[in-house]
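Me: I've got a model open and I'd like to talk through the labels people put on its parts. Can you take me through them?

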Amino acid sequence: MGPMDYESNSWIWDGVCYYPHLFGGLMLTAALLGFSTSYFSGIGVPSLPFFWSDFGIFQKRKSEKKRIRVYMDGCFDLMHFGHANALRQAKALGDELVVGVVSDEEIIVNKGPPVLPMEERLALVSGLKWVDEVISNAPYAITEQFMNRLFNEHKIDYIIHGDDPCLLPDGTDAYALAKKAGRFKQIKRTEGVSSTDIVGRILSSINDAMDSEDHNATSMNGDSKKGSPSHGALSHFLPTSQRIVQFSNGRGPGQNARIVYIDGAFDLFHAGHIEIFKSARQLGDFLLVGIHNDQTVSKLRGKQFPIMHLHERSLSVLGCRYVDEVIIGAPWEITKDMITTFNISLVVHGTVAENNSFAGDSDPYAVPKSIGIFKLLESPKNITTTSIAKRIVANHDAFKKRNAKKVESEKKYYAEKKYICGE
């Protein structure tokens, strides 16, 4: 029996399932009619499928499945691949993901000053491929009033959070009401990265740079810190092929697709990256992003960079809804062979960027410029990795104090953590 035969006869099984008594009676009647027509050969009987199609009760039930809407909130300050992975897991628990972005004021009260203002955090969250809707200025704690608003106004079925505790200043659970209502679901925290960790890396990189300068100024003192970043600057993320597959779109460009290429470090993924990707994607059908390796970035910007290593930066870029594919460890110079291999139609570069040139080196965009496929894009936002790092430097004491508190809670989490099944 082919698939079309099964589909055309599915009404039979619907009848058996939903109306067994009536269906049995009609089958008996049909059998008698069939016998009588064989006896009285002049009388014709309509074919059963045609005949029974007039009975509305046997029309195939087309009940639309209710779409499950899930909600997850957060500060999403210094957006990283851990945030992206949390939202990816949340989306997997439903059909539509609504994300609440906590207000600046609530973050200050509960955690300390945010690095990124609300506008930038909204741009980052909205730019993720798994996010369907965003609620701005969400409360830090799920109050009864806000929970009712989620259930009634936004039609939320479940509230999601990671397996790490989220405690209010008084020590109570921020999601206690959702748990009590039986509308809470838990996902697995992404190990090896957090906003606290990233702030620590930035502060450590600043200290390393200062130590290096002090060493150079007093080179006779035999300072052993030169070239040795502090422990806080190291990443504890363990990349796997599965994680890259989870973030990937899993599809290539179409046969006649216009492929746009943009490259860079994309360190400390920020709103400026999101906006330039959006602008680049609008120029073609497929956006290919080249991500420079750690050695290239260090040579460009100094040994304290990149803040995030290659695989971390790759996942952040892959999480963006405007990005179709990435080249992990892309070459600094764009060659004719590379353009041919990836069938690149247009190479773009933003007007706002870090100091992206090696002293005495040739123009990395010389080839695409020579064949007329290079375009300089006006950067929508004047944000760079360095400018974000400077915000932390400018409030050094406040962030150091904030991190000291968070580091203790992080240590407690890792000391008490148990295995949680998840992705």
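**Two sheets and what sits on them**

Reply: Sure. Let's start with an open sheet of five strands, ordered β3-β2-β1-β4-β5 and paired in parallel. Keep in mind that this is a predicted model.

Me: What makes β3 and β5 the edges?

Reply: Pairing takes at least two bridges between two strands. β3 (133-138) and β5 (184-187) each have a single partner strand, so each has one side without a neighbour in the sheet. From one strand to the next, the twist averages 30°.

Me: How do you know that β2 and β3 pair?

Reply: Count the bridges. The cut-off is at least two, and strand β2 (residues 96-102) is joined to β3 by five bridges, in the parallel sense. One place to look is valine 102, which stands opposite alanine 138 in β3. β2 also pairs with strand β1 (residues 69-74), again in the parallel sense, over six bridges. There, methionine 72 of β1 faces valine 99 in β2.

Me: Why is β2 called largely enclosed?

Reply: Because six of its seven residues are buried. Buried here means under 20% relative accessible area.

Me: Which sheet has β8 and β10 as its edge strands?

Reply: That's an open sheet of five strands in the order β8-β7-β6-β9-β10, with parallel pairing. β8 (325-330) and β10 (374-377) each pair on one side only. The twist in this sheet averages 25° from one strand to the next.

Me: And what makes β6 and β9 partners?

Reply: Strand β6 (residues 259-264) and strand β9 (residues 344-350) run parallel and are joined by four bridges, where the cut-off is at least two. Isoleucine 259 is found opposite isoleucine 344 in β9.

Me: Why are α7 and α12 called oblique?

Reply: Look at the angle. The axes of helix α7 (residues 118-126) and helix α12 (residues 271-281) cross at roughly 50° and come within 8 Å. Angles under 35 degrees count as roughly parallel, and roughly perpendicular covers 65 to 115. The value falls in neither class, and the two helices are therefore oblique to each other. The crossing is left-handed.

Me: Which residues make that contact?

Reply: Glu120, Ala123 and Leu124 come from α7, and Ala271, Ile274 and Glu275 from α12. By class, that gives four nonpolar, no polar and two charged residues.

Me: Where do these two helices lie on the strands?

Reply: α7 lies across β2 and β3, running at about 165° to β2. Over 145 degrees counts as roughly antiparallel, and that is the class for α7 against β2. α12 lies across β6, β7 (286-292), β9 and β10, at about 140° to β7.

Me: What makes helix α14 largely enclosed?

Reply: Helix α14 (residues 310-318) has nine residues and eight of them are buried, so the rest of the structure largely encloses this helix. The buried residues include Glu312 and Arg313, along with Leu310, Leu315 and Val317.

Me: How do you know whether threonine 384 is buried or exposed?

Reply: Set its relative accessible area, 15%, against the cut-off: buried means under 20%. Threonine 384 is therefore buried. This residue sits in the loop between β10 and α17 (385-394).

Me: What is threonine 384 in contact with, leaving aside neighbours within four places in sequence?

Reply: His270, Val352, Ala353 and Glu354. Contact here means heavy atoms within 4.5 Å.

Technical notes: Residues are numbered from 1 along each chain as its sequence is written. This is a predicted model: local features need pLDDT of at least 70, side-chain atom pairs count only at pLDDT 80 or more; totals for chains, interfaces and linings use all residues. Side-chain values use heavy atoms; hydrogens and water are left out. Axes are lines fitted to C-alpha atoms, for helices over the stretch in contact, and angles run from 0 to 180 degrees between N-to-C directions. A crossing is left-handed if the near helix is turned anticlockwise from the far one by less than a right angle, and right-handed if clockwise. Ala, Val, Leu, Ile, Met, Phe, Trp, Tyr, Cys and Pro count as nonpolar, Asp, Glu, Lys and Arg as charged, and the others, Gly among them, as polar. Buried means under 20% relative accessible area, exposed over 50%, partly exposed in between (1.4 Å probe, protein chains only).
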